[in-house]
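Biologist: Could you walk me through the metal site and whatever sits next to it? I'd like one close look at that part and nothing else.

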Amino acid sequence: RQLLDGHLAHALEKDEFTLHYQPQFNLDTGKLVGMEALLRWSNPVLGPIAPDRFIYLAEESGLILKIGEWVLRTACSQVRLWQEQGFTGLRMAVNVSGVQFRDVHFAQNVARILDECGLEPSCLEIELTESCIMDNPDRVRRILLQLKEMGVHLAVDDFGTGYSSLSYLKGFPFNRVKIDRAFVRDVDTDPDDAVITQTIIAMAHTLGMEVLAEGAETEAHIRLLREYGCDEVQGFHCGRPLPDAAFTELLRQQLDPSISPV
Ligand code: C2E
Ligand code: MG
Ligand code: MG
């Protein structure tokens with residue numbers, strides 16, 4: 001842990017972070033509609049380290065504030081670059097930690113980054129988990145309303161594994177619910193997971209939100225999710241997280257409408 005912390009403290013200045021991008025597809029049209037930015041850390045001594053192993057350390061030390069800002073700026077400039085290359089209408093999803101929401105100026109920081117990158121707010125989607133809300137529901141709600149007002153999209157990540165609170169879904173201005181991959185994984189074999197998935201979809205739709213299912217790994221997952229009326233899908237079956245150059249290649253291929261993994 002000390003070793004990780006020590007290296008993590010210098011990772012930003014040593015340029016050890018990159019972003020990978022995982023495609024998101026619309027289940028009706030089969031079109032690539034957006035991507036999620038996923039942080040990658042590779043250290044010369046430790047090698048590649050998964051986000052689940054270092055994000056919480058960065059949260060504890062407060063480093064996540066600087067890292068999170070780097071992620072936002074890098075993701076926003078990347079989607080702007082893709083726009084300049086002719087790949088328009090794409091939405092970039094960025095994961096944000098609860099610690100970043102402790103800063104009452106978070107929405108202003110996002111506005112500044114969007115402005116610096118010359119990106120319309122509607123091209124950005126911020127993903128947060130329910131535990132991030134629990135931290136301080138009133139403050140988080142105020143910040144989310146500011147972001148919503150700016151035109152930024154908001155998604156609740158990993159839905160179903162945390163509090164799955166209906167009052168949070170109702171009282172917060174989310175555009176999208178992301179169903180956790182724990183349910184999607186067994187949607188074709190476990191009747192309980194199938195019912196839970198259908199219920200989350202129906203509930204979100206009733207509340208006027210769209211639904212994206214995470215972790216779709218097979219043709220059967222896609223078929224059922226489409227049958228249940230899920231709007232969008234993300235997962236290894238549709239595309240793994242890719243470095244920017246490989247993702248640009250994927251965007252080029254998607255220009256041919258007959259090619260779609262969904
Ligand atoms: P998440 O936001 O739920 O991201 C989805 C994770 O599921 C990613 O893992 C992705 O690679 C993985 N995944 C996608 N499709 C499939 C699939 O079909 N099967 C399986 N088994 N896994 C799939 P990753 O990249 O290791 O990220 C893990 C978590 O780390 C993320 O979960 C997110 O909570 C956090 N994270 C990643 N990047 C950032 C970041 O920039 N900031 C913050 N605060 N957290 C981040
Ligand atoms: Mg996410
Ligand atoms: Mg998730």
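Modeller: Here's a tour of the metal site first, then of the ligand beside it. Keep in mind that this is a predicted model. Start at the magnesium ion (ligand 2): its donors are Glu36 (OE), Asn95 (OD1), Glu127 (OE) and Asp157 (OD), sitting at 2.0 to 2.2 Å. Along the chain, those donors follow the spacing E-x58-N-x31-E-x29-D. That brings distant parts of the chain together: Glu36 belongs to strand β2 (residues 32-43) and Asn95 to strand β4 (residues 91-95), with the two 59 residues apart. How do they compare in exposure? Glu36 is buried, at a relative accessible area of 4%, while Asn95 is partly exposed, at 30%.

There's a second metal to look at, too. The magnesium ion (ligand 3) lies 4.0 Å from the magnesium ion (ligand 2), and Asp157 coordinates both.

Asp157 also takes us over to ligand 1, since one of its polar side-chain atoms is 2.8 Å from an oxygen atom of ligand 1. Asn95 plays a part here as well, with a polar side-chain atom 2.9 Å from a ligand 1 oxygen. Phe236 uses its backbone instead: an N or O atom there comes to 2.8 Å from an oxygen of ligand 1. Overall, the protein covers 84% of the 800 Å² of accessible area that ligand 1 has on its own, and the space taken by ligand 1 is the largest pocket.

As for the shell, 22 residues surround ligand 1, and Arg40, Asp157, Arg181, Glu217 and Phe236 come nearest. β2 gives the largest share, 4 residues, and β2, α2 (51-61) and β6 (153-159) each provide at least two.

Conventions: Residues numbered from 1 in each chain as written. Chains lettered and ligands numbered in written order. Predicted model: local features only at pLDDT ≥ 70, side-chain atom pairs only at ≥ 80, totals over all residues. Heavy atoms only, no water. Donors = N, O, S within 2.8 Å, 3.2 Å for Na, K, Ca; no water. Buried < 20%, exposed > 50% of the residue type's maximum accessible area, 1.4 Å probe, protein only. Near = heavy atom within 4 Å. Polar contact = N/O pair within 3.5 Å; in protein donor to acceptor, adjacent residues only side chain to side chain. Areas by Shrake-Rupley, 256 points an atom, 1.4 Å probe, with all protein chains shown as cover. 1 Å grid on protein atoms, 1.4 Å probe; cavity = no way out; pocket = protein on both sides within 12 Å on 5 of 7 lines; lining within 4 Å. Sits in = over half its atoms within 2 Å of the grid points.
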